[in-house]
Amino acid sequence: MATPQQIFREKVAQQIIKALEKRRLAGTYAPTIAQAREEVAALIPDGSSVFRCGSTSLVEMGLWERLKDNPRITVIDPYLPEYSPEEGLEARRRGLTADFMIASSNAITLDGKLVNLDGMGNRVAAMTFGPRKVILVVGMNKVAVTLEEALNRTKQVAAPMNCIRMNIANPCRETGLCSDCHTPTRICNMWSIIEGQAVKDRIHVKLVGEDLGF
Ligand code: SF4
């Protein structure tokens, strides 16, 4: 039997999906991470190239391992351990013309706005223009009531957590709090707020009923 949290999250997700559709974005809901993984994999036809962007959510859900099972899909992965920094940058450039990019967002509002914050900017660039299709997998733990709440969650929760995850020596790694640093390794350089899409359904948001990423 579904728990109150599962029922609540599905009902809220359905409202967000309606808001996304008004903004010309597609939205679907998967109650579990396992279901989301299979549904996202099914969206990618054989012969496609897929740009991998930095995302804890996608690693947690095992998506990249799942896609490796299909030799007919080419993953453009800037994070290959054998890549030099220059080769990683080159892969990020190539990814901008991939058939698909798959990532997450840092927050989504009840009225369907997607908030993102990048250090280098390749993720927000690809979401905005370039890849023909964009799939964003967003756990319901990232839902914010208002845009202000979404911006705060992004800067005060997601960014410090990412510095801790990647062990980047910014002040938030030590304190857990953003001090609006200006270090060379600052990961908070490029904001994007997606409020709509000129090419209808180019962006597909897969909401997930379990906690995913941060
Ligand atoms: S601006 Fe600096 S201190 Fe603040 S969250 Fe980003 S990296 Fe951390």
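This passage walks through the pockets, the cavity, one helix, the cysteines and two unusual loop residues of a predicted model.

Start with the open spaces. The largest pocket takes up about 870 Å³. Its lining is made of 40 residues, and those nearest the centre are Gly54, Tyr79, Arg92, Arg165 and Met166. Sorted by class, this lining comes out as 17 nonpolar, 16 polar and seven charged residues. Several elements chip in with at least two residues each: helix 3 (56–60), helix 5 (85–95), strand 6 (114–118), helix 6 (122–128) and helix 7. Of these, helix 7 gives the most, with six residues.

The second largest pocket has a volume of about 150 Å³. Among the residues lining it are Ala2, Gln5, Ile7 and Glu10, along with Tyr29, Pro31, Gly209 and Glu210. Helix 1 (residues 4–22) supplies the largest share here, namely four residues. As for chemistry, the lining of the second largest pocket splits into four nonpolar, five polar and two charged residues.

Then there is the closed space. The structure has one cavity of 30 Å³ or more, and the largest cavity holds about 100 Å³. Cysteines crop up a lot around its middle: Cys172, Cys178, Cys181 and Cys188, together with Ser179, are the residues nearest the centre, out of 15 that line the cavity. The lining counts ten nonpolar residues, two polar ones and three charged ones. Helix 7 (147–166) and helix 8 (171–175) each bring at least two residues to this lining, and helix 7 has the largest share, with four.

Helix 7 has now turned up twice, as the top contributor to the largest pocket and to the largest cavity, and deserves a look of its own. It runs for 20 residues and spans 27 Å from first C-alpha to last, close to the 28 Å expected at 1.5 Å a residue. Still, helix 7 has a kink of about 30°, centred on Thr154. Thr154 itself is one of the buried residues of the helix, a group that also includes Arg153, Lys155, Ala158, Pro160 and Cys163.

That last residue leads to the cysteines. How many disulfides does the model contain? The count is zero. Cys163 shows how this works out: its nearest cysteine sulfur belongs to Cys172 and sits 3.5 Å away. A disulfide needs the two sulfurs within 2.5 Å, so this pair doesn't make the cut. With a relative accessible area of 1%, Cys163 falls under the 20% limit and therefore counts as buried. Cys178, in contrast, has 26% relative accessibility and counts as partly exposed.

Finally, two loop residues stand out for their backbone angles. Most residues other than glycine have a negative phi. Asn167 isn't a glycine, yet its phi is positive, at about 55°. Asn167 sits in the loop between helix 7 and helix 8. Is Asn167 buried or exposed? Its relative accessibility is 53%, which is over the 50% mark, so Asn167 is exposed. Asp201 is another non-glycine with a positive phi, this one of about 65°. Asp201 belongs to the loop between strand 9 (190–194) and strand 10 (203–208). At 28% relative accessibility, Asp201 lands between the 20% and 50% limits, so it counts as partly exposed.

Technical notes
Residues numbered from 1 in each chain as written. Predicted model: local features only at pLDDT ≥ 70, side-chain atom pairs only at ≥ 80, totals over all residues. Heavy atoms only, no water. Buried < 20%, exposed > 50% of the residue type's maximum accessible area, 1.4 Å probe, protein only. 1 Å grid on protein atoms, 1.4 Å probe; cavity = no way out; pocket = protein on both sides within 12 Å on 5 of 7 lines; lining within 4 Å. Points joined across faces, edges and corners; volume = space filled by probe spheres on them. Nonpolar A, V, L, I, M, F, W, Y, C, P; charged D, E, K, R; others polar. Expected span 1.5 Å × (residues − 1). Bend = angle between axes of the 7 residues up to and from the residue.
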